[in-house]
Amino acid sequence: MKLAVIGVNHKTAPVSLREKLSFGSDMGQAIGELSQLVKGCTIVSTCNRSELYFGIEEDADTTADVADGEDVPLSAGMQAVSQWLAKFKNISYDEIAPYLYTYENSRALNHWLRVAAGLDSMILGEPQILGQIRQAVAISREHGGVDSEFGWLTQQVFAAARTVRRDTKVGAQAVTLGFATAKLATQIFDDPSKLTLLVVAAGEMNRLVAHNVAALGLHKIIIANRSAERAQNLADELTQMMRDSGRATQIEMVGLDRLGEVLSQADIVSSCSGSMQALIDVAMVKSALKQRRHQPMLLVDLAVPRDIEPAVGQLDDIYLYSVDDLQHVIAGNLAERKQAAVEAELLVGQLVADIESQMQVQIARGRIKDYRQMADTHKQRLLAKAMARIDDGEDAKAVLTAFAHELSQTLTHSPSRLMRHVAKTADAQTLEMVSDALIHSYRDKQV
């Protein structure tokens, strides 16, 4: 089996096309149909990419990898999957073809590892994609898309992606407001499972913060918003997120008029309301701290004008960050990530070579098993023939001599052909290496 990938992402296709090629409730059906065409598969579908990873027979007719609009014909297997994708999504193949990238073998494996490590993400080094790929593989396994060989490969990709993130700094620093807030929370508090997040206003900015911080595994999330409908939409998103991750986070919705009432419950506050006046003042925070017995609070003010009075930052046990504070942190961190990405790309190349080497060992192991089974079958046939001759009264020594001769001729035929082939197609050093290996294997048996 060789790995292949077909897909579109935020760099190759507009959002209008990515929407048409996204997978949701149809994922199970898609895996079921795709697995009939290939040897193992998974589909990674996020807001930034839709990619099909799958295996193709080793002896399938192939051509060069196709990428970035190169006008090179696809192999039959790749063409079949591309056509299937268009048909499944009820889109003309000609409409999607200019935006598709297709890779095989080393380039496919390199691409998958770069994606899993966050090197191909819109936000360099973002950590969510690895979890999304894990979930995609789990769904594929549920629907019969992951056989033992493809499953082994997915585990190698996961392990290699973890190595990249562990051994480089490509994901070490926060580069989004949501991720930066989550990172601050882990630095200030020891146990996220005991924390409560208060989201003041359910706009897009706070939505991203809520998703990032909720991923830490919180005890409770309180959404304070003027519009009950918008608060409910965010609550539904977070509830689904918690359900998918197997967590049991409590979610409560309140009106902004109850902000002072619930503030004391919050360990983390993220505010971005668009109000022209501050929503949280010094008096409110002092009251909350008193009720909390001065347990620390992290307050993140993403609003302009500000939602939290700047003087709040002067209080003991308060960690107050404005949007400018976080932007300065992010700018420096992004520069560090870009520098670390160079090191990460080199490591990816090494890891791809390691995985390919292990794949060759896997292939060799299977072929060795087939060869031994074939040899054993032939041995049993010759043995049965010899036993029958002995049962018919022929001289046992003569029968055994003939049996040994025929068996040795059979077992040395393939190695002899191999040496002749190497002699014709390779250099003298390779021939000597192969010959020595075969000869020494017999000598070792004699010791």
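**Exercise 1. Decide whether Asn90 is buried or exposed, and describe its backbone.**

Solution. Start with the accessibility in this predicted model: Asn90 has a relative accessibility of 73%. The cut-off for exposed is over 50%, so Asn90 counts as exposed. Next, find its place in the chain: Asn90 sits in the loop that links helix 3 (76–88) and helix 4 (93–96). Finally, look at the backbone: phi of Asn90 is positive, about 55 degrees, although the residue is not a glycine.

**Exercise 2. Ala201 also has a positive phi although it is not a glycine. Is Ala201 buried or exposed?**

Solution. First take the angle: phi of Ala201 is about 85 degrees. Then locate the residue, which belongs to the loop between strand 5 (196–200) and helix 9 (204–214). Now turn to the accessibility. Buried means under 20% relative accessible area, and Ala201 has 7%, so it is buried.

**Exercise 3. Work out how strand 6 (residues 220–224) is placed in the structure.**

Solution. Begin with the side chains. Lys220, Ile222 and Ala224 point one way from the strand, while Ile221 and Ile223 point the other way. Residues on both sides are buried. With five of its five residues buried, strand 6 is therefore largely enclosed by the rest of the structure. Next comes the pairing: strand 5 and strand 6 run in the parallel sense and share five bridges. To find one of these pairs in the viewer, pick Leu198, whose bridge partner in strand 6 is Ile222.

**Exercise 4. Describe the open sheet of four strands, and state which helices pack on it against strand 2 and strand 3.**

Solution. Write down the strand order, which is 2-3-1-4, with antiparallel pairing. The edges are strand 2 (41–45) and strand 4 (101–104), each of which pairs on one side only. From one strand to the next, the twist averages 15 degrees.

Now look at one pair of neighbours. Strand 2 and strand 3 (residues 49–56) are joined in the antiparallel sense over five bridges. Here Ser45 stands opposite Ser50 of strand 3.

Then add the helices. Helix 2 (residues 27–34) packs on the sheet and touches strand 2 and strand 3, with its direction at about 145 degrees to that of strand 2. Helix 6 (residues 128–142) also packs on the sheet, touching strand 2 and strand 3. The direction of helix 6 makes about 140 degrees with that of strand 2.

**Exercise 5. Classify how helix 5 (residues 105–116) packs with helix 13.**

Solution. Take the geometry: the two axes are 10 Å apart, and the packing angle is about 130 degrees. That angle makes helix 5 oblique to helix 13. The hand of the crossing is right-handed.

Next, list the residues that meet. Helix 5 brings Asn105, Ser106, Leu109, Asn110, Leu113 and Arg114. Helix 13 brings Glu345, Val348, Leu351, Val352, Ile355 and Glu356. Sorted by class, this contact of helix 5 with helix 13 has six nonpolar, three polar and three charged residues.

**Exercise 6. Now do the same for helix 13 (residues 323–391) and helix 14 (residues 396–425).**

Solution. The axes come within 10 Å and cross at roughly 160 degrees. Angles over 145 degrees count as roughly antiparallel, so helix 13 and helix 14 are roughly antiparallel to each other. Helix 13 passes helix 14 in a right-handed crossing.

The contact residues of helix 13 include Tyr371, His378, Leu382 and Arg389. Among those of helix 14 are Val399, Phe403, Glu406 and Leu411. By class, the contact has 13 nonpolar, three polar and four charged residues.

To finish, follow Leu411, a residue of helix 14. With a relative accessibility of 30%, Leu411 counts as partly exposed. Along the sequence Leu411 and His378 are 33 residues apart, and their C-alpha atoms are 9.4 Å apart in space.

**Exercise 7. Which residues does the cis peptide bond join, and where does Pro305 lie?**

Solution. Check omega first: omega is about 0 degrees for the bond that joins Val304 and Pro305, which is cis. Then place the proline: Pro305 is in the loop between strand 9 (297–301) and strand 10 (318–322).

Technical notes. Residues are numbered from 1 along each chain as its sequence is written. This is a predicted model: local features need pLDDT of at least 70, side-chain atom pairs count only at pLDDT 80 or more; totals for chains, interfaces and linings use all residues. Side-chain values use heavy atoms; hydrogens and water are left out. Axes are lines fitted to C-alpha atoms, for helices over the stretch in contact, and angles run from 0 to 180 degrees between N-to-C directions. Helices (H or I, at least four residues) and strands (E, at least two) are DSSP runs, numbered from the N terminus. Angles under 35 degrees count as roughly parallel, over 145 as roughly antiparallel, 65 to 115 as roughly perpendicular and the rest as oblique. A crossing is left-handed if the near helix is turned anticlockwise from the far one by less than a right angle, and right-handed if clockwise. Contact means heavy atoms within 4.5 Å. Ala, Val, Leu, Ile, Met, Phe, Trp, Tyr, Cys and Pro count as nonpolar, Asp, Glu, Lys and Arg as charged, and the others, Gly among them, as polar. Two strands pair if DSSP finds at least two bridges between them. Buried means under 20% relative accessible area, exposed over 50%, partly exposed in between (1.4 Å probe, protein chains only).
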